[in-house]
Amino acid sequence: MTLKHPKRPPSRRSHLSLAPLFTREADRIPRHELAAGEMDPDVAYQVIHDELLLDGNSRMNLATFVSTWMEPQAIRLMTECFDKNMIDKDEYPQTAELEMRCVGILSRLWRAPDAEQATGCSTTGSSEAAMLGGLALKRRWQQRRAAEGKPAEKPNLVMGINVQICWEKFANYWDVEMRLVPMEGDRFHLSAEEAVKLCDENTIGVVAILGSTFDGSYEPVAEICRALDELQERTGVDVPVHVDGASGGFIAPFVDPELEWDFRLPRVASINTSGHKYGLVFPGVGWIVWRDADALPEDLIFWVNYLGDNMPTFALNFSRPGAQIVAQYYNFLRLGFDGYRKVQGYAREVATRLSSEIAGLGPFRLITRGDELPVFAFTLADDVTNYSVFDVSSALRERGWQVPAYTFPKNRTDLAALRVVVRNGFGHDMADLFLDDLRRQLPHLQKHAAPVHDAGSGAGFHH
Ligand SMILES: *Cc1c(COP(=O)(O)O)cnc(C)c1O
């Protein structure tokens, strides 16, 4: 037996064959104030959908580290979880359970000494994770100073000038002096020697980045730890290391298993990563894991009710979406170690091939090759003087490619570069399309660009 639906009453608009948005009366759609009345949902959708056409195409955005592609099954799970609030651990105990499983998985992946007792949590991204990691360092230092009967008013944090802005925010918001090691010559990130020079008894920690957003290079975490071991032997000053593995936390374990950068190094106290970068989840999810419970001071932890039990939380936000956490767990389950290894290995293969093809075009010089993070930076060869990297960036934009051009910070402000981030969803085929477009633009750049050389380097009036 089939059920018959009662006949639908004829819609008021059924006689219209034109899209309502494009045949509306002349009244304007209000943009900056609340409209007086309501609007048809299809029209509202179309208005906003159309306005967003002006956004770039995320898949052609070679500037971002953030995931722009996920499997349809992951998207379905996320849709099913949009209504779940992470903080309601009592209401959504299974989402809370998946979060703790993810912390355990990362804790194992990063070789914590006791992954059964994993200490960590999810965040909205690496920025929130950096705040939590930095706070733990600061509180531990304060407690140590108090126990020694010494003043604890002037904490400082040592890092390279190439740190992501979240560390500058941390220092600013929590009154910690930022001690930055500038770049020098061809050294574009922190070195062990320079880091140790800036450490003293007020140093709450050293931040080492895996890897740098400027050029995709890994900072020498093991060397930094060794240098700090020597510092402690020499002076008694004991400085812990936090690794900002926003990208590399999901790259190195899979494609550089020999590289020691994680909890295998006893001095590494905590590690953060962005689930929404090479964790392969849409924004926003991040993670922070501490070496062990001792690395996270008890008095930073709050307790929430969880199935009649008490569950620890450490976070800046209260309400937070659960969908991203479920999606992270989906990726872990779906890909496994080998799946992640293939995805990250492929990204690196695409990055290194693309960088070497770009080097072969002639006018460019590579700063990095994409053989650490699948991210590389390149600049113009010294003999190219009639156009700049900024012109190259604009020229690529004509075909929709977004490739950022930027100048390097202190001591290398003379250097301007372009950067390409290769992510899951950007394969060899797209790399070829990108190369074709870059190649096609070169003759135009050579011909049409206005001279950019400054007075000093011009062909000659200075004798
Ligand atoms: C992206 C990034 C951050 C900030 O991470 P979000 O997840 O965007 O908050 C911090 N540090 C490094 C090294 C990064 O690459």
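Reader: What makes the pair formed by the ligand and the side chain of Ser127 a polar contact?

Author: An oxygen atom of the ligand is 2.6 Å from an N or O atom in the Ser127 side chain. A polar contact is a pair of N or O atoms within 3.5 Å (within protein, one must be able to donate a hydrogen and the other to accept it, and residues adjacent in sequence count only if both atoms are side-chain atoms). The Ser127 pair, at 2.6 Å, therefore qualifies. The model is a predicted one, in which local features need pLDDT of at least 70 and side-chain atom pairs count only at pLDDT 80 or more, while totals for chains, interfaces and linings use all residues. Residues are numbered from 1 along each chain as its sequence is written, and side-chain values use heavy atoms, with hydrogens and water left out.

Reader: What are the corresponding distances for Ser126 and Ser274?

Author: Ser126 places a backbone N or O atom 2.7 Å from a ligand oxygen, and Ser274 brings a polar side-chain atom to 2.8 Å from an oxygen of the ligand. The protein covers 88% of the 380 Å² of accessible area that the ligand has on its own (Shrake-Rupley method, 1.4 Å probe; for residues, only the protein chains shown count as cover).

Reader: Which residues surround the ligand, and how is this shell divided by class?

Author: The surrounding residues include Gly125, Gln164, Cys166, Ile209, Asp244, His276 and Lys277; a residue is near a molecule or strand if one of its heavy atoms lies within 4 Å of it. The shell holds three nonpolar, seven polar and two charged residues.

Reader: Why is strand β1 described as largely enclosed?

Author: Five of the five residues of β1 (residues 119–123) are buried, so the rest of the structure largely encloses this strand. Buried means under 20% relative accessible area, exposed over 50%, and partly exposed in between (1.4 Å probe, protein chains only). Both faces are covered, with Thr119, Cys121 and Thr123 buried on one side and Gly120 and Ser122 buried on the other.

Reader: What makes β1 and β7 a strand pair?

Author: Two strands pair if DSSP finds at least two bridges between them. Five bridges join β1 to β7 (residues 286–290), so the criterion is met, and the two run antiparallel. Trp287 of β7 is the bridge partner of Ser122.

Reader: How do you know whether Arg267 is buried or exposed?

Author: Arg267 has 10% relative accessibility and therefore counts as buried. Arg267 belongs to the loop between α8 (252–255) and β6 (268–274). Its C-alpha lies 9.3 Å from that of Arg291, 24 residues away in sequence.

Reader: Why is Asn331 classed as it is, and what does its side chain contact?

Author: Asn331, located in helix α9 (residues 323–360), has a relative accessible area of 6% and is therefore buried. A polar atom of the Asn331 side chain lies 3.1 Å from the backbone oxygen of Gly279.

Reader: Why is Val281 classed as buried or exposed?

Author: Val281 has a relative accessible area of 0%, so it is buried. Val281 sits in the loop between β6 and β7, and 8.1 Å separate its C-alpha atom from that of Val66, 215 residues apart along the chain.

Reader: What describes the chain as a whole?

Author: Of its 463 residues, 50% count as buried. The chain has eleven helices and 13 strands, which are DSSP runs numbered from the N terminus (helices H or I, at least four residues; strands E, at least two).

Definitions and conventions
Nonpolar A, V, L, I, M, F, W, Y, C, P; charged D, E, K, R; others polar.
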